[in-house]
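Welcome! Take a look at the sequence and the structure below, and then let us walk through a few of the parts together.

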Amino acid sequence: MKSYHNLARHEGNRQLFEVVEMGVISSLWEAPLHIHAEGLRGTGKTTVMRAVKDLLLPMERIKGCLYNCHPHHPHCPHHRNLNREEVEAVGTEVIPRPFLEISHTAKTGTVAGSIDLARITDTTRSEAALLPGIIPQAHRGIIFIDEINRLADTAPEITDILLDVMGTKPGRIQIEETGLPVVEIPVQVSVWAASNPDEEPGPLQEIRRQLSDRFDLVIDMGRSKDPDAIAQILIQSETARKNPYLKPVKTEPAEKRYSQEMEDIAHRYRNLEMPDFLRNYIARTYVKYDLESLRAIEAVQHGALLSCALRRGEKVLISDILKIIPLALQHRTDRATLAKIMAGSDNSFSYKEEKGNGSDSNNNRPTTGILSSQEDTETLSAEAPAKAMADKSLFAPLKQLLGSRPKPANADEITTSPPGQARRITEVDGDNLLKTETQLRS
Ligand SMILES: [Zn+2]
């Protein structure tokens with residue numbers, strides 16, 4: 001498998017790199033971020049997503065717990081009633097953060113859980129017990145599903161499980177096995193998926209709209225048009241052919257450095273807050289454009305916080321929100337509405353800072369995400385939201401009206417009350433204060 005830092009980056013996949021890095025930070029915040037990369041075959045979406053596995057930092061769990069119980073918040077049937085001392089008596093261990101895959105041919109038992117045959121056939125102490133499936137075992141980590149559109153088409157029962165798991169944060173999963181009581185447990189996993197909407201059975205949005213809506217962010221993958229980036233991909237394929245048994249990742253210092261940076265970012269920006277005026281803007285967008293899904297605006301808010309953290313910004317900017325809006329809304333609303341929202345945001349805010357941002361698909365910056373240059377992040381964090389407000393193009397017509405107009409000749413003669421002292425309307429000399437436009441122009 002190719003290591004993350006060696007993957008070729010180009011304008012077609014730049015956004016995916018950024019979003020998966022947001023996903024890594026989000027999992028360190030123990031907050032799921034569901035990501036869906038859509039694109040033609042050969043755009044490298046699965047390669048990028050799978051390579052992230054090696055950026056994930058280890059985590060601590062209660063010793064031997066297949067449900068990955070957090071030592072401070074145990075949730076599984078075996079540990080949820082234990083107090084701190086009892087957990088200490090069991091002990092804890094550090095394991096790699098889970099990155100597990102569900103194939104489109106998976107069965108319900110494998111995904112949710114099944115009866116533990118090893119324990120039932122144990123001749124010394126036979127007992128009926130549940131063996132958690134892939135999803136409960138991925139608690140606090142990531143589940144990856146390639147060809148999610150095919151899964152949704154051929155496995156409605158697994159789709160239903162995913163709807164529950166992704167329906168709330170944390171989600172929930174039911175494990176049912178004949179002869180055993182049904183177990184329902186909370187599960188905190190990020191679901192990452194990839195699909196090619198141009199291949200059978202078509203776009204996920206058309207196959208199972210509900211499941212499509214569960215994804216916080218959808219990334220449209222493009223092909224690279226940069227010959228240098230394509231040449232880099234060819235070099236990597238050659239290297240892989242010559243060294244088929246090479247296991248580069250894990251030991252690569254570059255991967256370790258990225259992991260460390262991710263952890264630093266996640267720790268430092270954990271308490272970032274959405275400024276009120278930006279939260280209100282998101283809320284107004286929801287109402288004004290009659291958006292169907294509250295999940296959409298929750299995704300905008302969470303994504304914008306992650307975008308801010310990734311660029312090491314101290315304050316969330318409108319550019320963070322504008323970067324996330326298309327990713328959070330393209331699968332939840334029609335293109336015309338999305339275009340109106342983006343055009344409307346242009347009138348509400350000046351997003352000058354956006355133009356210097358690495359996310360702009362038209363610029364040719366070679367790096368993105370965690371690899372963004374310091375220069376990028378400094379330019380961005382220096383821009384305060386107040387500035388975005390001050391530069392509002394909303395005020396432009398007003399400025400034009402008030403700022404550029406020559407002062408009326410008799411302006412000094414207009415008398416006003418000292419501040420704090422109002423005059424009755426009957427005391428106001430209307431002829432002096434009120435002028436028609438013709439009088440002002442003359
Ligand atoms: Zn447990």
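## A short tour

This is a predicted model. A good place to begin is helix α8, where Pro156 and Glu157 are exposed on one side. On the other side of α8 from these two, the buried residues are Ile158, Ile161, Leu162, Val165 and Met166. They lie on the same side of α8 because they cover an arc of only 120° around the axis. The helix runs over residues 156-167, twelve residues in total, and its first and last C-alpha are 16 Å apart, close to the 16 Å expected at 1.5 Å a residue.

Now for the interior. The largest nonpolar core has 83 residues, and Ile135 and Ile143 touch the most other members. Helix α14 (residues 294-310) gives the most to this core, with ten residues. At least three residues of the core come from each of domain 1 (4-58 + 96-223) and domain 2 (273-394).

Which residues does Ile143 touch? Leaving out residues up to four places away in sequence, they are Leu100, Ile102, Ile134, Ile135, Ala138, Val189, Val191 and Trp192.

Finally, meet Lys225, in the loop between β11 and α11. Is Lys225 buried or exposed? Lys225 is exposed, because it has 10 other C-beta atoms within 10 Å, and a residue with 12 or fewer counts as exposed. Lys225 and Gly12 are 213 residues apart in sequence, yet 8.1 Å apart in space, C-alpha to C-alpha.

Here are the elements around that loop and the two helices from above:

| Element | Residues |
|---|---|
| α8 | residues 156-167 |
| β11 | residues 217-220 |
| α11 | residues 227-242 |
| α14 | residues 294-310 |

Conventions. Residues are numbered from 1 along each chain as its sequence is written. This is a predicted model: local features need pLDDT of at least 70, side-chain atom pairs count only at pLDDT 80 or more; totals for chains, interfaces and linings use all residues. Helices (H or I, at least four residues) and strands (E, at least two) are DSSP runs, numbered from the N terminus. The expected span of a helix is 1.5 Å times one less than its number of residues. A residue is buried if 20 or more other C-beta atoms lie within 10 Å of its own, exposed if 12 or fewer, and partly exposed in between; C-beta atoms are placed from the backbone. The arc is that of the directions from the helix axis to the C-beta atoms. A nonpolar core is a set of buried Ala, Val, Leu, Ile, Met, Phe, Trp, Tyr and Cys residues joined through C-beta atoms within 7 Å. Domain bounds come from an automatic or database domain assignment. Two residues are in contact if their C-beta atoms, placed from the backbone, lie within 7 Å.
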